[in-house]
Amino acid sequence: MVDQSVRKAAELLKQGASMLSESCPVCNNPLYKLRNGEIVCPIHGKVIIAKDEEEEKRLKRDLLLDSLEETLIESMTSISKRVKEDPMDSDALLQVIRYLDSLERLRKIRSGGRGSEPAR
Ligand SMILES: [Zn+2]
């Protein structure tokens with residue numbers, strides 16, 4: 001993992017990118033500024049740098065919600081296979097419902113936090 005980021009960083013420098021003093025909010029690797037102005041992490045690719053603490057919090061929260069949503073959907077996919085194999089598997093069905101519920105909550109949090117739109 002470390003090796004990979006070092007290699008990628010070297011590659012970025014070769015392309016004319018410059019290392020920034022800021023680090024990636026996710027992995028803490030130094031960030032690089034490409035010649036077109038884009039800021040990238042050697043591991044995560046394009047990164048948006050927060051202008052202030054408030055924005056940083058929001059960005060971190062968005063990242064967390066994104067990965068949470070991904071996990072939920074992945075888990076739901078495997079459980080939905082179980083339901084397909086055995087539609088009477090009430091345990092699996094219950095889990096699907098729980099996941100759907102979590103996803104709905106997640107989306108509510110996401111839209112509620114974006115400001116202008118009132119939470120429904
Ligand atoms: Zn990163």
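This report walks through a predicted model, from its ground rules to its zinc site, sheet, long-range distances and helix H2.

## Ground rules

Because this is a predicted model, local features need pLDDT of at least 70 and side-chain atom pairs count only at pLDDT 80 or more, while totals for chains, interfaces and linings use all residues. Residues are numbered from 1 along each chain as its sequence is written, and side-chain values use heavy atoms, with hydrogens and water left out.

Helices (H or I, at least four residues) and strands (E, at least two) are DSSP runs, numbered from the N terminus. For accessibility, buried means under 20% relative accessible area, exposed means over 50%, and partly exposed is in between, with a 1.4 Å probe and protein chains only.

## Two domains

The domain assignment splits the chain into domain 1 (2–46) and domain 2 (53–113); such bounds come from an automatic or database domain assignment. Taken over C-alpha atoms, the centres of domain 1 and domain 2 are separated by 31 Å.

## The zinc site

Let's start with the metal. Four protein donors surround the zinc ion: Cys24 (SG), Cys27 (SG), Cys41 (SG) and His44 (ND1), at 2.0 to 2.3 Å from it. Donors here are N, O and S atoms within 2.8 Å of the metal (3.2 Å for Na, K and Ca), and since water is not among the atoms, sites may look incomplete. The angles subtended by the four donor atoms run from 102 to 114°, which makes the arrangement tetrahedral. Should you want the cut-offs, four donors count as tetrahedral if all angles lie between 85 and 135 degrees; four count as square planar and six as octahedral if opposite donors are over 155 degrees apart and all others between 65 and 115, and anything else is irregular.

Along the sequence, the donor residues follow the spacing C-x2-C-x13-C-x2-H. Cys24 sits in the loop between strand E1 (18–23) and strand E2 (30–33), and His44 in the loop between strand E3 (39–41) and strand E4 (45–46), so the pair ties together parts that are 20 residues apart in sequence. Cys24 is buried at 1% relative accessible area, whereas His44 counts as partly exposed at 40%.

## The four-stranded sheet

The strands make an open sheet in the order E1-E2-E3-E4, with antiparallel pairing. E1 and E4 are at the edges with a single partner strand each, so one side of each has no neighbour in the sheet. Two strands pair if DSSP finds at least two bridges between them. E1 and E2 pair in the antiparallel sense over three bridges: Ser18 has Lys33 in E2 as its bridge partner, and Met19 stands opposite Tyr32 in E2. E2 and E3 are joined in the antiparallel sense over two bridges, and Lys33 has Ile39 in E3 as its bridge partner.

The hairpins deserve a look at their backbone angles. The hairpin of E1 and E2 has six residues between the strands, and Asn28 takes a positive phi near 65° there, a positive value in a residue other than glycine. Asn28 counts as exposed at 59% relative accessibility. In the hairpin of E2 and E3, with five residues between the strands, Gly37 takes a positive phi near 95°.

## Helix H2

Helix H2 covers residues 53–85, and at 1.5 Å a residue its 33 residues should span 48 Å, which agrees with its end C-alpha atoms being 48 Å apart. The expected span is 1.5 Å times one less than the number of residues in the helix. At the N-terminal end of H2, Asp52 acts as a cap, with a side-chain oxygen 3.2 Å from the backbone nitrogen of Glu54.

Several residues of H2 are buried, among them Leu59, Leu65, Leu72 and Ile79. Glu70 is also found in H2, but counts as exposed at 53% relative accessibility.

## Distances across the model

The C-alpha atoms of Glu70 and Gln4 are separated by 24 Å, with their positions 66 residues apart along the chain. Gln15 belongs to the loop between helix H1 (2–14) and E1 and counts as partly exposed, at 44% relative accessibility. Between the C-alpha atoms of Gln15 and Ser102, 87 residues apart along the chain, the separation is 43 Å.

Key
A polar contact is a pair of N or O atoms within 3.5 Å; within protein, one must be able to donate a hydrogen and the other to accept it, and residues adjacent in sequence count only if both atoms are side-chain atoms.
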